[in-house]
Amino acid sequence: ATRDLAVALSARFYPAFREFILVFPLDSRAKVLGWFVAAIGNVSRVAFTPLDVFRVLVPMPTEAYILVHNHPSGESTPSRADHDLTERIQEGGEVLGLQLVDHIVIGAVGSYYSMAEMGDLNPSLVRR
């Protein structure tokens, strides 16, 4: 499911001239309920805080979500800042009872990096 979502999004949004962050709330069966844009930046970065995600997620009927952001360069490897932000969002969500299922970085068409697949999410906060 991660691969299908990532490939579809990379095909839809590449090339992009701005970095953006999308959030996909999930239902209890891990089906996507919809999506929203949490932030839009410039060609190389986006100003973003966990509040941008949680202010929309908290009132929704969800306990889990997927975070997606793009790299306009086409390179999908996450930066140190991407990893740091993921950790902050994962920890904040845990306090609110919201499970970060994955953070996917999309690049050129077909190029993506799934932090869940690569084991980059904080294992102590991942519910099994």
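**Figure 1. The open sheet has five strands in the order β2-β1-β3-β4-β5, with mixed pairing.** The model is predicted: local features need pLDDT of at least 70, side-chain atom pairs count only at pLDDT 80 or more, and totals for chains, interfaces and linings use all residues. Residues are numbered from 1 along each chain as its sequence is written, and side-chain values use heavy atoms, with hydrogens and water left out. Strands (E, at least two residues) and helices (H or I, at least four) are DSSP runs numbered from the N terminus; two strands pair if DSSP finds at least two bridges between them. At the edges stand β2 (36–40) and β5 (112–114), each paired on one side only. On average, neighbouring strands of this sheet are turned by 20° against each other, direction ignored; axes are lines fitted to C-alpha atoms, for helices over the stretch in contact, and angles run from 0 to 180 degrees between N-to-C directions.

**Figure 2. Strands β1 and β2 run antiparallel.** Four bridges join β1 (residues 20–26) to β2. Ile21 stands opposite Ala39 in β2.

**Figure 3. Helices α2 and α3 pack on the sheet.** Helix α2 (residues 50–57) touches β1, β2 and β3 (64–70), where contact means heavy atoms within 4.5 Å. The direction of α2 makes about 160° with that of β2. Helix α3 (residues 80–96) touches β1, β3, β4 (99–106) and β5, and its direction makes about 160° with that of β4.

**Figure 4. Strand β3 is mostly covered.** Seven of the seven residues of β3 are buried (under 20% relative accessible area, 1.4 Å probe, protein chains only; exposed is over 50%, partly exposed in between). Ala64, Ile66, Val68 and Asn70 point one way from β3, whereas Tyr65, Leu67 and His69 point the other way. In a regular strand the side chains alternate between the two faces of the sheet.

**Figure 5. Tyr65 of β3 has bridge partners in β1 and β4.** β3 pairs with β1 in the antiparallel sense over six bridges, and Tyr65 is the bridge partner of Pro25. With β4, strand β3 pairs in the parallel sense over seven bridges; here the partner of Tyr65 is Leu100.

**Figure 6. Trp35, Val37 and Ile40 make a nonpolar surface patch of about 330 Å².** Val37 lies in strand β2 and counts as partly exposed because its relative accessibility is 43%.

Technical notes
Patches are made of residues with over 30% relative accessible area and no salt bridge: like charges are joined within 9 Å, nonpolar side chains (Val, Leu, Ile, Met, Phe, Trp, Tyr) within 5 Å. Accessible areas come from the Shrake-Rupley method with a 1.4 Å probe; for residues, only the protein chains shown count as cover. A salt bridge is a side-chain nitrogen of Lys or Arg within 4 Å of a carboxyl oxygen of Asp or Glu.
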